[in-house]
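Colleague: I've got a new model open and I'd like to learn how to read its strands and helices. Can you walk me through it?

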Amino acid sequence: MKAAPVIIAGGGPVGLVTALALAQQGIAVRVFEAAERVNESPRASTLHPATLEMLASIGLIGEVIARGLVARTFQFWDRPTGRMIAEFDHAILKDDTAFPFVVQCEQHKLAKLCIERLRDYRNAEVNLASEVVAVESSNDGAAVTVKSAAGQAVVGGSYLVGADGGRSAVRKALNIDFQGYTFPERFLVLTTSFDFAAERGAAFRSYFSDPDEWANLFKVAGEDGSGLWRAVFPTLPGQSDDDVLNPDAVEARLQKFFPKAGRYKIVHTNLYSVHQRVAVKFQEGRVFLAGDSAHVNNPIGGLGLNCGLHDAMHLTALMAGVMRGERPETDLARYDEIRRPINIEYVQQQTIANKKRLEEKEPAAREANFEFLRKTAADPATHRAFLMRTSLLESVRKQSAAAPRA
Ligand SMILES: Cc1cc2nc3c(=O)[nH]c(=O)nc-3n(C[C@H](O)[C@H](O)[C@H](O)COP(=O)(O)OP(=O)(O)OC[C@H]3O[C@@H](n4cnc5c(N)ncnc54)[C@H](O)[C@@H]3O)c2cc1C
């Protein structure tokens, strides 16, 4: 294909999946990533069935399963009483998807896998230590100014995808408002080798409701596959990094969560601000926003990265069709028309509701939540409907029904 390459700002999982999906369709891509290497700090890990279908379509599913952990079930617990309230099992989706399970695969593994695969394409390049510092868009192309050790250079292409994360320089350069809010509390992630499945009976994804301090537990494979657990807690507004991260505070928090003999072995700590924000538009001329540059949300339910990967797959299907002359260029407007409302309906609304459910303080409302979860899990029809929504399969099926040609 002779067209100028598609430029991708940001080599996180969304930018790299965008690049791979385009390269596989014969389209030249140039990725510019500010960091010198893939960021390995603990971030998203949950890949839902709808996303697994997409990763299968670009030939990554086998490696993602091999590098991650298959998690069929997830659980809701009442933390103060230590009672499990409900368990959901993706096996009920066996007639809906070829992947009736979740894969817990750390996002840096997905990013590295894409970089490995992109090496096979002569029309693809991934430039690390290359920061996009300015953006220009015209009627027939887009250009970025890239700052690297070699200095600054202007690079032109046919389209630009801003996949440069929540603080997106591309979004800011285009003055696109990032509407929403930031929570007053931060989220703390403690990674430990302690086995919460063997010792506490927790599923690989477990959510703990508590009026005083909700918690989430996730198991990930870790680098050697031996397994690590991430425990997630809210901090109090105004608490300093040291208040939260000093070793005694970390130990006390985990002992309060699950008392045990001896200290917890901590592998990693991570403290971060959490937002619910959506860009007011996902397209400006020949520039598109995808992933966290377009939307951010709290991680309860593990939806943000999944939705970003769905953005990547939808955008690349449209873009490849246009660049091959199979679609009119006006079809590119479908990206914003379809993906933005889907993010609001399925990701913003669900993650806000998930957080409310876990932190609810009113006893009657807590009991009503528990009753809802118990009843939903007990009836196969509601169990399935609940998982169709939480797994994002419903959003993907709705998208296909609304726009059969992507
Ligand atoms: C600290 C933290 C913890 C998180 N924890 C969880 C979690 O537990 N569960 C969950 O579901 N989600 C979590 N998330 C959210 C999840 O990580 C994101 O949804 C996901 O990373 C989105 O992928 P992305 O590729 O859109 O953006 P990113 O992964 O942020 O990738 C963007 C890339 O762009 C690069 N970049 C930035 N600016 C420029 C520039 N100007 N030029 C070139 N490159 C640039 C960055 O270096 C980065 O590599 C977390 C996010 C953060 C920040």
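Modeller: Sure. One cut-off to start with: a residue counts as buried if its relative accessible area is under 20%. And keep in mind that this is a predicted model.

Colleague: How many residues of strand E10 are buried?

Modeller: In E10, residues 142-148, 5 of the 7 are buried, so the strand is largely enclosed by the rest of the structure.

Colleague: Which strands does E10 pair with?

Modeller: Look at both sides. Strand E9 (residues 131-137) runs antiparallel to E10, joined by 6 bridges. For an anchor, find Glu131, whose bridge partner in E10 is Lys147. With strand E11 (residues 151-157), E10 pairs over 7 bridges, again in the antiparallel sense. There, Ser148 stands opposite Gly151 of E11.

Colleague: And how many residues sit between the strands of each hairpin?

Modeller: The E9-E10 hairpin has 4 residues between its strands, while the one made by E10 and E11 has 2.

Colleague: Now helices. Why do residues three or four places apart point the same way?

Modeller: An α-helix has 3.6 residues a turn, so residues at that spacing end up pointing the same way. Here, try H4: it covers residues 107-118 and spans 17 Å from first C-alpha to last, close to the expected 16 Å.

Colleague: Is H4 mostly covered or mostly uncovered?

Modeller: Mostly covered, with 9 of its 12 residues buried. Among them are Leu110, Leu113, Cys114 and Leu118.

Colleague: What do those buried residues pack against?

Modeller: The buried residues of H4 pack against helices H1, H2, H3 and H9, plus strand E8.

Notes: Residues numbered from 1 in each chain as written. Predicted model: local features only at pLDDT ≥ 70, side-chain atom pairs only at ≥ 80, totals over all residues. Heavy atoms only, no water. Expected span 1.5 Å × (residues − 1). Buried < 20%, exposed > 50% of the residue type's maximum accessible area, 1.4 Å probe, protein only. Contact = heavy atoms within 4.5 Å. Pairing = 2+ DSSP bridges.
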